[in-house]
Amino acid sequence: MNRAVKLIASLLVTLLFTWWAFRDTDWHSQVSSLKSANYLWVLPYFAILTLIHLSRTLRWGCLLSGLERVPFKKLNEASGIGFMMLLVLPFRLGEFARPFLIAQRSSIRRSAAMTSVVLERITDGMFVSVGMWVLLLFVTAEVPEVRYVKLGATLMFAVFGGGLAFLLFALKHQASAVHLVRATVGRLAPGVADKMADVVDTFVGAMRQLPDRRQMTGFFLYTLVYWALNGLGMAVLSRAFGTMNLTPFQAYVVMSVLVVGVMIPAAPGMVGTFQAAVKVGLSLFLPASVVNSSGLAYANVLWLCQTVQQIGFGVVLMSMAHVSFKDIAGKLNKEQEATSSLPSA
C-alpha cells in the first residue's frame, strides 16, 4: 500500500509539472523548431556527456580511495550501471545501486559506499546552490521566475548546508549526535529514530576513513570539471536551435535551475520536472514566445540526449559485466523490503 501511494504521488507530480511546462506551448512552432534544428550539435554534446560520465566516475573513485583503490573497470561498471538505475527505477531504489554494485566488485561495505554517495550529493548541493546565488547577482531580468529561482537556491542551500553542518557535528561529537536523533525524531517515531541513529553511527565511522589530501583535492577538482562540462554542454546543444544560442553564463544559470527542479520527487525518468525547470531557467533570458517554442524543443532534446546517454552506457556496461537489469533491481528491491520490515526497538 505504501509503495502504491508513493507511485501514485510521483505520477501526479510528473503530470502536474508536465501540464505546467507545456500549457502555453506553441505546438506548431515547437514542431518547426524540432524539424529545423541542426542536430550535428548533438555529436559534440554526446562527447561532452561522455566526459561528464568519466569525471563523475573518477571523482567517486577519489572518495572511495580512503577505503580501497578500486580499478577503473570495476569503478566504471558500478558508476555507469548505477546512474542508469537511478534514472529508471521507482521508489528511489536507484540511490542504493552504486553502493550495492561497488560492494560486489571490491571489499568496500555498502554502508561505507553509501557514505561516499551522500558526500557527493552534499558537495553538489552546496556547489550548485552557492553558485546559483552568485550567478543570480548578474541576472537583470525582472520576471516572476527570478523569485522562484532564488527561493529554490535558498531551500537547496538550507537542506544541504544543514546536512553538512550536522555531519560535521556528528564527526566531532558522535555520541551526542546519536543522542540528538533519538531525543528529537524518537519522540515522534521511535522505530525511525533507531534506524537513523544506526545510519549516523555507520556514516561517521565511514567519514573517519576519508582519503588523503591528494585524493580529496582530486575529488574537488573533478567536481569543478563535472559542473563546468554540464554547463558547457547545455550551451553547445543550444546552438542546434538558431533562435537561442545560450551564452555560457546563461547556460550555467539554466543548469542550476535544472538541478533544483529535478530534485522534486517525481516518476522515473524526470519527465515533466526536467522540462519545467529548463523552461523556468530560459524564462530569465528569453521572451515567452521563444521559451514556449524553441525553448521547450531544446528542453526535450536535452532530456532525450541525457536519457539515451545514461541508459545506453548502463546497458553496454551491464552487457560487458554479464549482469542483468532484472537481477540487480530484484536484489535492491528485496533489500529495501527487508530493511523497511525490521522491527522497531
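**Figure 1. Arg23 and Asp24 in the predicted model.** Asp24 counts as partly exposed because its relative accessibility is 47%, and in this predicted model its side chain meets that of Arg23 in a salt bridge, with an N to O distance of 3.7 Å. Arg23 likewise counts as partly exposed, because its relative accessibility is 45%. A search of the whole structure for salt bridges finds 7, and two further examples, each with buried partners, are shown in Figures 2 and 3.

**Figure 2. A salt bridge between helix H3 and helix H6.** Arg59 and Asp124 form a salt bridge in which the closest N and O atoms are 2.6 Å apart. Arg59 belongs to helix H3 (residues 42-64) and Asp124 to helix H6 (residues 110-136), so that the pair, 65 residues apart, links distant parts of the chain. Are these two residues buried or exposed? Both Arg59 and Asp124 are buried. Asp124 is also one of the H6 residues that meet helix H10, a contact that is shown in Figure 5.

**Figure 3. Arg105, Glu77 and a network of salt bridges.** Between Arg105 and Glu77 there is a salt bridge whose closest N and O atoms are 2.8 Å apart. Because Arg105 lies in the loop between H5 and H6 whereas Glu77 lies in helix H4, the pair ties together parts that are 28 residues apart in sequence. Both Arg105 and Glu77 are buried. Which residues are joined into one network by salt bridges that share partners? They are Lys73, Glu77 and Arg105.

**Figure 4. The packing of helix H4 against helix H5.** The axes of H4 (residues 72-88) and H5 (residues 97-104) come within 8 Å and cross at roughly 155°. Since an angle over 145 degrees counts as roughly antiparallel, H4 and H5 are therefore roughly antiparallel to each other, and their crossing is right-handed. On the H4 side the contact is made by Lys74, Leu75, Ala78, Ser79, Ile81, Gly82, Phe83 and Met85, which meet Ala97, Arg98, Leu101 and Ile102 of H5. Divided by class, the residues of this contact are 8 nonpolar, 2 polar and 2 charged. H5 is largely enclosed by the rest of the structure, because 6 of its 8 residues are buried. The buried residues of H5 are Ala97, Arg98, Pro99, Phe100, Leu101 and Ile102, among them Ala97, Arg98, Leu101 and Ile102, which also take part in the contact with H4.

**Figure 5. Helix H10 packed against helix H6 and helix H3.** H6 and H10 (residues 213-238) pack at an angle of about 55°, and their axes are 11 Å apart. Because of this angle, H6 is oblique to H10, and the crossing of the two helices is right-handed. In this contact, Glu120, Thr123, Asp124, Phe127 and Val128 of H6 meet Phe219, Phe220, Thr223, Leu224, Tyr226 and Trp227 of H10. By class, the contact of H6 with H10 holds 7 nonpolar, 2 polar and 2 charged residues. How, then, does H3 pack with H10? H3 and H10 pack at an angle of about 165°, with their axes 8 Å apart, and the two helices are therefore roughly antiparallel to each other. The crossing in which H3 passes H10 is left-handed, and the residues of this contact divide into 19 nonpolar, 6 polar and 2 charged.

**Figure 6. The surroundings of Thr115 in helix H6.** Thr115 lies in H6 and counts as buried because its relative accessibility is 3%, whereas the limit for a buried residue is under 20%. When residues up to four places away in sequence are not counted, Thr115 touches Phe203, Ala206 and Met207.

**Figure 7. Ala175 in helix H8.** Ala175 has its place in H8 (residues 174-188). Is this residue buried or exposed? Ala175 counts as exposed because its relative accessibility is 63%. Between the C-alpha atoms of Ala175 and Val200, which are 25 residues apart along the chain, the separation is 9.7 Å.

Note on methods
Residues are numbered from 1 along each chain as its sequence is written. This is a predicted model: local features need pLDDT of at least 70, side-chain atom pairs count only at pLDDT 80 or more; totals for chains, interfaces and linings use all residues. Side-chain values use heavy atoms; hydrogens and water are left out. Helices (H or I, at least four residues) and strands (E, at least two) are DSSP runs, numbered from the N terminus. Buried means under 20% relative accessible area, exposed over 50%, partly exposed in between (1.4 Å probe, protein chains only). Axes are lines fitted to C-alpha atoms, for helices over the stretch in contact, and angles run from 0 to 180 degrees between N-to-C directions. Angles under 35 degrees count as roughly parallel, over 145 as roughly antiparallel, 65 to 115 as roughly perpendicular and the rest as oblique. A crossing is left-handed if the near helix is turned anticlockwise from the far one by less than a right angle, and right-handed if clockwise. Contact means heavy atoms within 4.5 Å. Ala, Val, Leu, Ile, Met, Phe, Trp, Tyr, Cys and Pro count as nonpolar, Asp, Glu, Lys and Arg as charged, and the others, Gly among them, as polar. A salt bridge is a side-chain nitrogen of Lys or Arg within 4 Å of a carboxyl oxygen of Asp or Glu.
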